[in-house]
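Work through the exercises below with the sequence and the 3D view open. Try each task before reading its solution.

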Amino acid sequence: MVRNAAEVFLEGFEQILADAAPTGRRLTRDEIESRRALGARAAAAGHGWRGLVRAHLAAGREAWPAAADPDSVLSVIAQAVDAFADGYEHAQRLVVRKEEAARREFIDDLLHGRGEPGHLAARSERFGLRLSRAHAVAVAGGPEKYDETDPVPRQVVSELFARFENRRILFTTKDGRMLCIAPGDQDDVLTHFAKLVYACTTGTSQVAIGRSRPGVIGIGHSYEEALNALDVAQRMGFDDPVLRAADLLVFPVLARDRQALVDLVGNTLGSLAQARGGARPLLETLSVYFDTGCVAAETARRLSLSVRALTYRLARIHSMTDYDPTDPAHRYTLQTAVIGARLLDWPTRPL
């Protein structure tokens, strides 16, 4: 049965055995190339390797030259099977590369909203997604850059699918970051992905989770939200291991009108650049002051200052900006300007 299923890929094998086995000669270049070509055809046709090897061995037994030395016969069979395997493996590598290229193209189209939605939805089933549902995207960013062949992503994806093997989820890497796409109502998948990333990177990576969005375009939007959350965390100095875009919506709102934000920072805090040592120490003072809920003692402790020295700095800020950090009426403007300075990376970058 096995022989019949694979016999089309044994064409010429018995003749090679009859010609080469009596003398034990090496196979000719044409004979080797013919085996490689048949191996490639067998791989393209989807035949399993085990059945093909059995078919060769069965054919070798049936066509065994009676007077030939056994070592010579086995040598010819080994050469033929080795050439056949070379063609088979080469064809399989081409198939894998084509599959990976198709998968990468699909992921790029999906994340960037390229291509016709209906066509994307049809392709998605092949890669484990059902785009009629809402989805959310989690993105892991950190100092290390990864691709899917690296040990860390391989460990993450292995443990992720070991736990959620029946879920319709997609894991990949893009631009050095690890990504997980999951149905929007399965937050446990993305939360576990974040935990795995944190454990496998020994706490050096942050994971940002975009909001659940419907449809094909929604995945791209969730991905962009996750990327923006990582960018905000870097600019604002947030070190939480898991960031949720839904909790950081105020920052893209502030950054949406860049010119208005530049004007706010420049008009409110620009004069601090004239202070001895520049604006950075006073800007850091304001940042910590607001982070502590405007508690002077805790702010002084975090800045390694005395409360008196902190009070002097706050007064200095008041005199230079005309905004008093201790006055609730001025506090919102100052705090918004401080957030804007972080988003704009001022004073490192000029406004």
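The exercises that follow use a predicted model.

**Exercise 1. Find the strands that pair with β3, and say how each pair runs.**

Solution.
- Step 1: Go to strand β1, residues 135-141. It is joined to β3 by 6 bridges, and the two run antiparallel.
- Step 2: Go to strand β2, residues 170-174. Its pairing with β3 is antiparallel too, over 5 bridges.
- Step 3: Pick out methionine 178 in β3. Opposite it stands alanine 140. Threonine 173 also stands opposite methionine 178.
- Step 4: Look at the hairpin of β2 and β3. It has 2 residues between the strands, and aspartate 175 has a positive phi there, near 55°.

**Exercise 2. Decide whether strand β3 is largely enclosed or open.**

Solution.
- Step 1: Take residues 177-183, the 7 residues of β3.
- Step 2: Apply the cut-off: buried means under 20% relative accessible area.
- Step 3: Of the 7 residues, 6 are buried, so β3 is largely enclosed by the rest of the structure.

**Exercise 3. Trace the pairing of β4, and give the hand of the crossover that leaves it.**

Solution.
- Step 1: Strand β4 covers residues 206-209. Its link to β1 is antiparallel, with 4 bridges. Here glutamine 206 is the bridge partner of glycine 141.
- Step 2: β4 also pairs with strand β5, residues 242-244, in the parallel sense over 3 bridges. Valine 207 has valine 242 as its bridge partner in β5.
- Step 3: Follow the chain from β4 to β5. It passes through helix α9, residues 215-236, and this β-α-β crossover is left-handed.
- Step 4: Check the side chains. In a regular strand they alternate between the two faces of the sheet. In β4, Gln206 and Ala208 point one way, Val207 and Ile209 the other, and all are buried.

**Exercise 4. Test whether the span of helix α5 agrees with its number of residues.**

Solution.
- Step 1: Helix α5 runs over residues 70-112, which makes 43 residues.
- Step 2: At 1.5 Å a residue, the helix should span 63 Å.
- Step 3: The end C-alpha atoms are 62 Å apart, which agrees.
- Step 4: Inspect the two ends. At the start, a side-chain oxygen of aspartate 69 comes within 3.1 Å of the backbone nitrogen of aspartate 71. After α5 comes glycine 113, with a positive phi near 70°.

**Exercise 5. Locate the largest cavity and name elements that line it.**

Solution.
- Step 1: The count is 1 cavity of 30 Å³ or more. The largest cavity has a volume of about 30 Å³.
- Step 2: Its lining includes Ala140, Gly141, Arg177 and Met178.
- Step 3: β1 and β3 are the elements that give two or more residues to this lining.

**Exercise 6. Contrast threonine 172 and aspartate 257: where does each lie, and what does its side chain reach?**

Solution.
- Step 1: Threonine 172 lies in strand β2. Its relative accessible area is 1%, so it is buried.
- Step 2: The side chain of threonine 172 makes a polar contact with the side chain of arginine 104, at 3.4 Å.
- Step 3: Aspartate 257 sits in the loop between α10 and α11. At 46% relative accessibility it counts as partly exposed.
- Step 4: The side chain of aspartate 257 reaches the backbone nitrogen of alanine 260 at 3.2 Å.
- Step 5: Now compare aspartate 257 with valine 95. They are 162 residues apart along the chain, and their C-alpha atoms are separated by 48 Å.

Conventions: Residues are numbered from 1 along each chain as its sequence is written. This is a predicted model: local features need pLDDT of at least 70, side-chain atom pairs count only at pLDDT 80 or more; totals for chains, interfaces and linings use all residues. Side-chain values use heavy atoms; hydrogens and water are left out. Buried means under 20% relative accessible area, exposed over 50%, partly exposed in between (1.4 Å probe, protein chains only). Two strands pair if DSSP finds at least two bridges between them. The expected span of a helix is 1.5 Å times one less than its number of residues. A polar contact is a pair of N or O atoms within 3.5 Å; within protein, one must be able to donate a hydrogen and the other to accept it, and residues adjacent in sequence count only if both atoms are side-chain atoms. A crossover is right-handed if, with the strands pointing away from the viewer, the path from the first strand over the helix to the second runs clockwise. On a 1 Å grid over the protein atoms alone, a cavity is a set of points where a 1.4 Å probe fits but cannot get out, and a pocket is an open set with protein on both sides within 12 Å along at least five of seven lines; lining residues have an atom within 4 Å of a point. Grid points are joined across faces, edges and corners, and a volume is the space filled by probe spheres set on the points.
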